[in-house]
Amino acid sequence: MKQATRFALQMGWKLLILDMGYAPADVLSLARLPGDLFARPGGASLSPAQYFDLWRGLEQAAGNDELALKLAQAMSVEAFDPAMFACLCSPDLNTALQRLAHYKRLMCPLHMGVDIRADRTQVTLSCYGSDEPIPRSLGVSELVFFTQLARLGTRERIEPLAASVPDVPLNLAPYQAYLGCALGTSEQIQITFSAQDARRPFLTDNMAMWAAFEPALNSRLSELDAQASLRERVRAVLLETLPAGISSIDAVAKRLAISKRSLQRQLADESVGFQELLSEVRHELARHYLSRTDISAGEISWLLGFQESNSFIRAFRSWTGTTPAAYRQGRAGMDAQWH
């Protein structure tokens, strides 16, 4: 899936900043962004780094204010990005979250995953495009946004079951009071809603409005995906299919709706082979599973599409010069030392 490198700066931003009681010009100055950003004909766009700078400018303008809570108070339908407004037209929170995840990359440098299960719905967000820590207020503002979205849609005080961010606010009490649950720490931004609340009907459900928004949003996504190299598209398919044990070039070509021969030829034009990409993605996922989960090497082998554990162990040794067990032990030692 193609990562956007520019994000449209919606006019809703200016309205939000004003409704929170801050001067847009001051925010832009503190963010070291051009002062005419909100006034450009046809709208402006931001790089991932500039997007994070905008949040840092907001933090400085807010001073001792609880920025994310002021954002919740100022949140209104009028201030929404079209994609967000379209989500509010959804029949329930589950649908709204799935739609938002689909279009999130049009709005900001955040990956959004939605895991819907029988007992709960969990949203996970991670950032890209900046080597610096994300602004503290951004993580908690996302949690506040999802909660407020649920409340705006249902007109009820929906409270998440759990919420966590990489960097918690210095003053936790008002956020925990707003959310109605404890706010913990985690590597990624996460929020969990009960299955009952996630299925609760939205009073703002509007299929006609959704039908009006969807074609334009899909067009923007198509333009973004058209810019993606075949290498990026193959990697995206492999990241999605490998956990299901699917790793053949035929399966990937089918998912991309091109012939196997055409896939091989186009990858060759980009100076890369399918097996090289498969090995690259397997290596990336293997390190993730060994570092952040406790699943066995045998299970990881299956998740990576290997026929047997020994094949995975040999491959891992060729990538890293060590065994999966030794790598995991070394990572555990580093984590213990860090804490």
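Which residue lies over the face of Phe-306, and at what distance from the ring centre? In this predicted model, that residue is Arg-282, placed 4.0 Å from the ring centre. This report begins with the aromatic residues and then turns to the strands, one helix and the cysteines.

**Aromatic residues**

Phe-306 also belongs to a cluster, in which ring pairs link it with Phe-312, Phe-316, Trp-319 and Tyr-327. Across the whole structure, a search finds nine aromatic pairs. Arginine is found over a ring at Trp-210 as well, where Arg-99 lies over the face at 3.7 Å from the ring centre.

**Strands around β7**

Strand β7 covers residues 189–194. Five of its six residues are buried, so the rest of the structure largely encloses this strand. The pairings that involve β7 or β5 are set out below.

| Strands | Sense | Bridges |
|---|---|---|
| β4 (residues 120–127) and β7 | antiparallel | six |
| β5 (residues 162–165) and β7 (residues 189–194) | antiparallel | three |
| β5 and β6 (residues 183–185) | parallel | three |

Individual residues show how these strands are matched. Between β4 and β7, Leu-125 stands opposite Ile-189. On the β5 side, Ala-162 has Thr-192 of β7 as its bridge partner, and Ala-163 has Ile-191 of β7. Ser-164 stands opposite Gly-184, a residue of β6. In a regular strand, side chains alternate between the two faces of the sheet.

Ser-194 is also part of β7. Is Ser-194 buried or exposed? Its relative accessible area is 16%, and because buried means under 20%, Ser-194 counts as buried. Leaving aside neighbours within four places in sequence, Ser-194 is in contact with Asp-119, Arg-120 and Leu-161. The C-alpha atom of Ser-194 is separated by 7.0 Å from that of Pro-160, although the two residues are 34 residues apart along the chain.

**Helix α13**

Helix α13 spans residues 260–269, and its buried residues are Ser-262, Leu-263 and Leu-267. Seen down the helix axis, these buried residues fall within an arc of 130°, so they line one face of α13. An α-helix has 3.6 residues a turn, so residues three or four places apart point the same way. Arg-261 and Asp-269 are exposed on the other side of α13.

Which helices are among the elements that cover the buried residues of α13? The cover includes α11 (230–241), α12 (249–255) and α14 (274–292). After α13 comes Ser-271, which has a positive phi, near 60°.

**Cysteines**

How many disulfides does the count give? The count comes to zero. Cys-108 is in no disulfide, and the nearest cysteine sulfur, in Cys-127, is 7.9 Å away. Seen from Cys-127, the closest cysteine sulfur is that of Cys-108, and the distance of 7.9 Å is too far for a bond, because a disulfide requires sulfur atoms within 2.5 Å. As for their surroundings, Cys-108 is buried, with a relative accessible area of 3%, whereas Cys-127 is partly exposed, at 27% relative accessibility.

Conventions
Residues numbered from 1 in each chain as written. Predicted model: local features only at pLDDT ≥ 70, side-chain atom pairs only at ≥ 80, totals over all residues. Heavy atoms only, no water. Buried < 20%, exposed > 50% of the residue type's maximum accessible area, 1.4 Å probe, protein only. Helix = DSSP H or I, 4+ residues; strand = E, 2+ residues; numbered from the N terminus. Arc of directions from axis to C-beta. Contact = heavy atoms within 4.5 Å. Phe/Tyr/Trp six-rings, centres within 6.5 Å; stacked < 30°, edge-to-face > 60°. Lys NZ or Arg CZ within 6 Å of the ring centre and 35° of its normal. Pairing = 2+ DSSP bridges.
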